[in-house]
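Student: I have a protein model open, and I would like to understand the words people use to describe one. Could we go through it together?

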Amino acid sequence: MNTIHSKKRSRLLLADLAAWEKENGEDNTLRLERLRRNLRQARCQELTKRQQQVLTLFFDRQMNMTEIAAELGIHRSTVSRTLHRAMDRLQRALRYAL
């Protein structure tokens with residue numbers, strides 16, 4: 001019974017904290033827009049054509065790795081490796097912008 005009250009109390013505290021952060025937190029709109037702009041630029045400048053293609057299919061067209069592999073005529077593991085390498089490159093390129 002004590003555990004139930006503790007869980008309820010924890011949920012209430014988290015809800016209160018979320019409400020407080022929403023009211024008092026800084027507006028990140030400008031930072032998010034700058035990050036989106038930098039991401040678009042990094043996708044074009046830092047990635048190979050194949051990496052760009054896989055990222056577009058995965059994130060923009062919401063395809064899974066099996067569907068991407070079938071569309072591109074490559075193995076699923078190649079899609080997975082390409083996706084991870086692309087994301088690593090983007091993270092390195094944007095690490096100071098985050």
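Tutor: Gladly! Let's begin with a definition: a polar contact is a pair of N or O atoms within 3.5 Å; within protein, one must be able to donate a hydrogen and the other to accept it, and residues adjacent in sequence count only if both atoms are side-chain atoms. This is a predicted model, where local features need pLDDT of at least 70 and side-chain atom pairs count only at pLDDT 80 or more, while totals for chains, interfaces and linings use all residues. Residues are numbered from 1 along each chain as its sequence is written, and side-chain values use heavy atoms, with hydrogens and water left out.

Student: What makes N64 a cap of α4?

Tutor: A side-chain oxygen of N64 lies 3.1 Å from the backbone nitrogen of T66. The limit is 3.5 Å, so this pair qualifies as a polar contact. N64 thereby caps the N-terminal end of α4.

Student: And why is α4 called a helix?

Tutor: Helices are DSSP runs of H or I with at least four residues, strands are runs of E with at least two, and both are numbered from the N terminus. α4 covers residues 65-72. The protein comes to 5 helices and 0 strands.

Student: Which residues of α4 are buried?

Tutor: They are M65, I68, A69 and L72. Buried means under 20% relative accessible area, exposed over 50%, and partly exposed in between (1.4 Å probe, protein chains only).

Student: How do you know that these buried residues are on the same side of α4?

Tutor: They cover an arc of only 100° around the axis, which puts them on the same side. The arc is that of the directions from the helix axis to the C-beta atoms. On the other side of α4, T66 and A70 are exposed.

Student: What do the buried residues of α4 pack against?

Tutor: They pack against α3 (49-60) and α5 (76-94). As one example of contact (heavy atoms within 4.5 Å), V54 touches I68, L72, V79, T82 and L83, not counting residues up to four places away in sequence.

Student: Why is the pair of F58 and F59 called edge-to-face?

Tutor: Rings of Phe, Tyr and Trp (its six-membered ring) pair if their centres lie within 6.5 Å; planes under 30 degrees apart count as stacked, over 60 as edge-to-face and the rest as tilted. Here the centres are 4.9 Å apart and the planes at 90°, so the pair is edge-to-face.

Student: Why is F58 called partly exposed?

Tutor: Its relative accessible area is 26%, so F58 falls between the 20% and 50% limits.
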